[in-house]
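The exercises below are meant to be worked with the sequence and the coordinates side by side. Each task is followed by a solution that proceeds in steps.

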Amino acid sequence: MSNKDVLKGESRDGYVKIDRYNEDKIEAVATHYKDILGQLGENPEREGLLKTPERVAKALQYLTHGYDLKPDEILKGAMFEEDYSQMVVVKDIEVYSMCEHHMLPFFGKAHIAYIPNGHIVGLSKIPRVVDAFARRLQVQERLTNEIRDCIQNTLNPMGVAVVMECRHLCMSMRGVQKQNSVTTTSAFTGTFLSNDKTRAEFLRLITASLD
Ligand SMILES: Nc1nc2c(ncn2[C@@H]2O[C@H](COP(=O)(O)OP(=O)(O)OP(=O)(O)O)[C@@H](O)[C@H]2O)c(=O)[nH]1
Ligand SMILES: [Zn+2]
């Protein structure tokens, strides 16, 4: 591993610290962006744009750093045997991702539940798994399914539920230009699929307010 390849500097649990960048990739991407600025009719040599190709390259590397993460390892790093068999819900998890069609952001919230089957997982690991899949080029449907499958296959709970509500900038700042539309996707396994009451309880809990 090269010293420059800091993005791939993994710790034991599959995390990657994005405090430095893969300089070779930054340089390659920045070169293309300098050309793109010219193609767009801009002058890449003017003062305000001089560092823009490098900034964009760094931003893109950050926005796609999920490719360097191992979501299953993140979960495995904090699984604990526990005799708790009721639903665990983590709701209102902020999500920022990029649509693979236009490379524009989509963002919103994820609500996730699982029913333990002998093991619980450290709560923070659930948003970490969301980020590991969200920080890639995505469609909301696949993102929803990937989160579900990762939790199901790693933790082996009685069931997993994922609901995502997102706004897509490709639908608001361009294209069809619908400013207020929100897309909801869902994915379930196990008890959430087979038991209507369990699914209804999850849906009630994610719409309930703390106040
Ligand atoms: N299903 C799904 N579609 C998405 C997502 N993000 C963006 N899209 C859609 O991807 C589609 C791409 O359609 P195209 O017709 O190839 O692209 P386009 O000409 O830019 O389409 P418009 O956005 O309608 O202008 C659009 O309908 C987008 O709304 C997503 O997460 N899931
Ligand atoms: Zn899009």
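**Exercise 1. Describe the chain as a whole.**
Task: state what share of the residues in the chain is buried, how many helices and strands there are, and what share of the contacts is made by residues 24 or more positions apart.

Solution. Begin with burial: in this predicted model, buried residues make up 41% of the 211 residues in the chain. Next, count the secondary structure elements, which gives eight helices and seven strands. Then turn to the contacts with a sequence separation of 6 or more, of which 67% are accounted for by residues 24 or more positions apart. Finally, place the annotated domain: the unreviewed UniProt entry carries the annotation "domain: GTP cyclohydrolase I" over residues 31–206. Over residues 31–206 the chain is 41% helix and 27% strand, with the end C-alpha atoms 45 Å apart.

**Exercise 2. Work out the zinc site.**
Task: identify which protein atoms are donors of the zinc ion (ligand 2), and establish where in the chain H102 and C170 are located.

Solution. The first step is to list the donors, which are C99 through SG, H102 through ND1 and C170 through SG, at 2.0 to 2.3 Å from the zinc ion (ligand 2). Written as a sequence pattern, the spacing of these donor residues is C-x2-H-x67-C. The second step is to locate the pair H102 and C170, which links distant parts of the chain: H102 belongs to the loop between β2 (88–99) and β3 (105–115), whereas C170 belongs to helix α6 (residues 169–172), and 68 residues separate them.

The third step is a comparison with the record, in which the unreviewed UniProt entry places the feature "binding site" at C99, H102 and C170. These residues span 72 residues in sequence, yet no two of their C-alpha atoms are more than 8.0 Å apart, so they gather at one spot.

The fourth step concerns accessibility and surroundings. With a relative accessible area of 36%, H102 is partly exposed, and, once neighbours within four places in sequence are left aside, H102 is in contact with C170 and R174. C170, by contrast, has a relative accessibility of 11% and therefore counts as buried, the cut-off for burial being under 20%. With neighbours within four places again left aside, C170 is in contact with C99, H102, L104, P105 and G175.

**Exercise 3. Examine positive phi values outside glycine.**
Task: determine where M103 lies and where Q177 lies, and give the phi value of M103 and of Q177.

Solution. M103 is situated in the loop between β2 and β3, and its phi is near 55°, a positive value in a residue other than glycine. The relative accessible area of M103 is 41%, which means that M103 is partly exposed. Q177 lies in the loop between α6 and β7 (183–188), and Q177, although not a glycine, has a positive phi of about 55°.

**Exercise 4. Characterise two helix pairs.**
Task: for α1 with α2 and for α4 with α5, give the angle and the distance between the axes, and then name the residues that meet.

Solution. Two packed helices are described by the angle between their axes and the distance between those axes. For helix α1 (residues 23–39) and helix α2 (residues 52–63), the axes come within 8 Å and cross at roughly 125°. That angle makes α1 oblique to α2, and the crossing is right-handed. Among the residues that meet are K25, I26, V29 and Y33 from α1, and P53, V56, A57 and L60 from α2.

For helix α4 (residues 125–134) and helix α5 (residues 140–155), the packing angle is about 135° and the axes are 10 Å apart. That makes α4 oblique to α5, and the crossing of α4 and α5 is right-handed. Here V129, V130, F133 and A134 in α4 meet L143, E146, I147 and C150 in α5.

**Exercise 5. Place one strand residue.**
Task: decide whether M79 is buried, partly exposed or exposed, and list what M79 touches.

Solution. M79 is found in strand β1 (residues 79–81). Its relative accessibility is 25%, so M79 counts as partly exposed. Not counting residues up to four places away in sequence, M79 touches H119, I120, V121, T154 and L155. M79 and Y21, which are 58 residues apart in sequence, are 30 Å apart in space from C-alpha to C-alpha.

Key
Residues numbered from 1 in each chain as written. Chains lettered and ligands numbered in written order. Predicted model: local features only at pLDDT ≥ 70, side-chain atom pairs only at ≥ 80, totals over all residues. Heavy atoms only, no water. Donors = N, O, S within 2.8 Å, 3.2 Å for Na, K, Ca; no water. Helix = DSSP H or I, 4+ residues; strand = E, 2+ residues; numbered from the N terminus. Buried < 20%, exposed > 50% of the residue type's maximum accessible area, 1.4 Å probe, protein only. UniProt positions renumbered as here; feature names shortened; annotations may be inferred. Axes fitted to C-alpha atoms, helices over the stretch in contact; angles between N-to-C directions. Parallel < 35°, antiparallel > 145°, perpendicular 65-115°, else oblique. Left-handed = near helix turned anticlockwise from the far one by under 90°. Contact = heavy atoms within 4.5 Å.
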